[in-house]
Amino acid sequence: DQARPPAPRGCSVTRWLLLPALLVLLAFFALPLGTILVYSVGRSAPGSIYIPDLTLANYAALFETPVYVKVMLRTLRIGLVVTLLALVIGYPYAYLMARGRPWLRSALLLAVLLPLLVSVVVRTYGWMVVLGLDGPVNTLLLAVGLVQRPVKFLFNETGIVIGLLHVFFPFMVLPLSSVLQKVDPQLEDAASFFGGNLP
């Protein structure tokens, strides 16, 4: 067997440079999640947050209580709807970012990144103004004649989906765009030549 060449010194230095980031993830991500997991299998009592008595009663109560089950199913449904909408809307957007002209790519990238510079709270209040009964959306719908009275977009699942879609849309577009940029355009031409449809 041939002897393996020694690893370059830069590799060990890079590993040490990753240590601060790993410590931050451990302190602010893994440790809180682990604490919650430990509390979830413990027993609680009045005046005490956690009693070290391993039990699955908390999980049994979670799935046996109709309110909790209803909330979980509703959350999963909203998450699925938001994900599908973000994919359906985000893929063509990401494709334009990857294949469009330079000025178009810059404009689309700026439009995606600008909302990230604004707090989620501020964006939420902005949507409340836009989607309100007297907001621009309802004013336009009434002016065009599509509706006879203002549509209630807020404080229901429609408003939740719109708000979540706006928050998570960049996290769908940016990874898709970076992947599509690495795809050779000649592959798309070859696929089109053999009958494949372009996205």
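**A walk from I36 to the cores**

Let's start with I36, which is exposed, with a relative accessible area of 56%; since anything over 50% counts as exposed, I36 earns the label. Bear in mind that this is a predicted model. You'll find I36 in helix α1, which covers residues 9-40. Now hop over to I160: I36 and I160 are 124 residues apart in sequence, and their C-alpha atoms sit 27 Å from each other in space.

Next up is helix α7, running over residues 157-181. Look at its start, where a side-chain oxygen of N156 comes to within 3.3 Å of the backbone nitrogen of T158. How far apart are the end C-alpha atoms of α7? They are 35 Å apart, and that agrees with expectation, because 25 residues at 1.5 Å a residue should span 36 Å. The helix does have a kink, though: about 45° at F168, shortly before the proline P170.

Plenty of α7 is tucked away. Its buried residues are G159, V161, L165, V167, F169, P170, V173, S177 and L180. What do they pack against? Their partners are α3 (66-99), α4 (102-113) and α5 (120-130).

That packing brings us to the cores. The largest nonpolar core has ten residues: Y93, A94, Y95, M97, A98, L108, V112, F169, V173 and L180. Three elements, α3, α4 and α7, each give two or more residues to this core, and α3 gives the most, with five. For a close-up, try V112: setting aside neighbours within four places in sequence, V112 is in contact with Y93, M97, P170, V173 and L174. So P170, the proline that comes shortly after the kink at F168, turns up again here as a contact of V112.

There is also a second, separate core of five residues, including L131, L141, V147 and L154.

Last stop: N138, in helix α6 (residues 136-144). Is N138 buried or exposed? With a relative accessible area of 0%, N138 is buried, as that value falls under the 20% cut-off. What does its side chain reach? The side chain of N138 gets to the backbone nitrogen of V151, at 2.7 Å. Leaving out neighbours within four places in sequence, N138 is in contact with L131, G132, L133, P150, V151 and F153. One of those contacts, L131, is also a member of the second core.

Note on methods: Residues numbered from 1 in each chain as written. Predicted model: local features only at pLDDT ≥ 70, side-chain atom pairs only at ≥ 80, totals over all residues. Heavy atoms only, no water. Helix = DSSP H or I, 4+ residues; strand = E, 2+ residues; numbered from the N terminus. Expected span 1.5 Å × (residues − 1). Bend = angle between axes of the 7 residues up to and from the residue. Buried < 20%, exposed > 50% of the residue type's maximum accessible area, 1.4 Å probe, protein only. Contact = heavy atoms within 4.5 Å. Polar contact = N/O pair within 3.5 Å; in protein donor to acceptor, adjacent residues only side chain to side chain. Core = buried A, V, L, I, M, F, W, Y, C linked by side-chain atoms within 4.5 Å.
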